[in-house]
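I opened this model to look up its core, its rings, one helix and a few single residues. My entries are below, in the order I made them.

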Amino acid sequence: MGQNPPHAGTFLLVRNWLIRIFGLSAVRCQLPIEVASEDQKHNEPEPDLAVIADPAMDSFERHPRGDELLLLVEIADTTARFDRTVKSALYARASVAEYWVIDLRARALFVHRHPSGGSYRQVIRLSEDETVAPDSRPEAAVKVSQLLPPTPAAA
């Protein structure tokens, strides 16, 4: 599916922030990841952004597994419900430690943490006025609004 300008602009904001926090070699953009074995036959997702725990992993041999990721981010305009349900379950089964859905229409961030089976034990909805930090980098807090496109009144 194509990206509209708000999606593409948000992608750049989040990508640049992640690179500042984790470094260029740890941030993967729209590249495949391996999911749980029961899902591999029908799924090879390419999340908007993923942060790999070991940037030295040999990407020529295989895609990173979910349990090798520190953070996975999907930016949602028309797909927010799908990303928060179907993809959330897929990523939880793959043991992705932390999964964020940036919902552009709701101007909110949904943070999924602590995968267990096919779901996340913790799901938090944050408004644009709240702050968030990856579990793996608690010192890297950012206001959710800094990861969203400007509001029309602010533009």
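These entries go from the core to the rings, then to a helix and to single residues.

**Entry 1: the core**

I note at the start that the model is predicted. I looked up the largest nonpolar core, which has 42 residues. Which members touch the most other members? I found L18, V73, Y91, W100, I102, L109 and V132.

Next I checked which elements build this core. At least two residues each come from α1 (5–22), β2 (49–52), β3 (69–76), α2 (80–93), β4 (98–103), β5 (108–116) and β6 (119–127). Which element supplies the largest share? It is β3, with six residues.

**Entry 2: I102**

I took I102 from the list of best-connected core members. It sits in strand β4. Is I102 buried or exposed? At 2% relative accessibility I102 counts as buried, because the cut-off for buried is under 20%.

I then listed its contacts, leaving out residues up to four places away in sequence. I102 touches T10, V14, V73, E74, I75, A76, A108, L109, L147 and L148. V73 and L109 also appear among the core members with the most contacts to other members.

I checked one long sequence separation as well. I102 and F11 are 91 residues apart in sequence, and their C-alpha atoms are 9.8 Å apart.

**Entry 3: Y91 and the rings**

Y91 is another of the best-connected core members. What does Y91 touch beyond four places in sequence? I found I33, P45, P47, L72, E74, V96, Y99 and Y120.

Two of these contacts, Y99 and Y120, belong with Y91 to a cluster linked by ring pairs. I counted three aromatic pairs in the model. The pair of Y91 and Y99 is edge-to-face. Its centres are 4.9 Å apart, with 75° between the planes. Both Y91 and Y99 are buried.

I also looked for a charge over a ring. R84 lies over the face of F110, at 4.1 Å from the ring centre.

**Entry 4: helix α2**

I measured nothing by hand here; I read off the computed values. α2 has 14 residues. From first C-alpha to last it reaches 19 Å, close to the 20 Å expected at 1.5 Å a residue. Where does α2 bend? The bend is at K87, by about 35°.

Which residues of α2 are buried? They are A80, D83, K87, S88, A89, L90, Y91 and A92. K87, the site of the bend, is therefore in the buried set, under the 20% cut-off. An α-helix has 3.6 residues a turn, so residues three or four places apart point the same way. I keep that in mind when reading A80, D83 and K87 from the buried list.

What covers the buried residues of α2? The cover includes β3, β4, β5 and β6.

**Entry 5: two positive phi values**

S95 comes just after α2, in the loop between α2 and β4. Its phi is positive, about 65°, although S95 is not a glycine. S95 is partly exposed, with a relative accessible area of 37%.

H114 also has a positive phi, near 65°, and is a residue other than glycine. H114 is found in strand β5. Its relative accessible area is 34%, so H114 counts as partly exposed.

**Entry 6: the loop between β1 and β2**

I looked up two residues here. Q30 is in the loop between β1 (27–29) and β2, and P45 is in the loop between β1 and β2 as well.

Is Q30 buried, exposed or partly exposed? Q30 is partly exposed, at 34% relative accessibility. Beyond four places in sequence, Q30 touches Q3, F11, E46, P47 and D48. Q30 and D48 are 18 residues apart in sequence, and 4.6 Å apart C-alpha to C-alpha.

P45 is buried, with a relative accessible area of 11%. Its contacts, again leaving aside neighbours within four places, are L31, P32, I33, V35, L90 and Y91. Of these, L90 and Y91 are buried residues of α2. P45 and L148 are 103 residues apart in sequence and 23 Å apart in space, C-alpha to C-alpha.

Note on methods
Residues are numbered from 1 along each chain as its sequence is written. This is a predicted model: local features need pLDDT of at least 70, side-chain atom pairs count only at pLDDT 80 or more; totals for chains, interfaces and linings use all residues. Side-chain values use heavy atoms; hydrogens and water are left out. A nonpolar core is a set of buried Ala, Val, Leu, Ile, Met, Phe, Trp, Tyr and Cys residues joined through side-chain atoms within 4.5 Å. Buried means under 20% relative accessible area, exposed over 50%, partly exposed in between (1.4 Å probe, protein chains only). Helices (H or I, at least four residues) and strands (E, at least two) are DSSP runs, numbered from the N terminus. Contact means heavy atoms within 4.5 Å. Rings of Phe, Tyr and Trp (its six-membered ring) pair if their centres lie within 6.5 Å; planes under 30 degrees apart count as stacked, over 60 as edge-to-face and the rest as tilted. A charge sits over a ring if NZ of Lys or CZ of Arg is within 6 Å of the ring centre and within 35 degrees of the ring normal. The expected span of a helix is 1.5 Å times one less than its number of residues. The bend at a residue is the angle between axes fitted to the seven residues ending there and the seven starting there.
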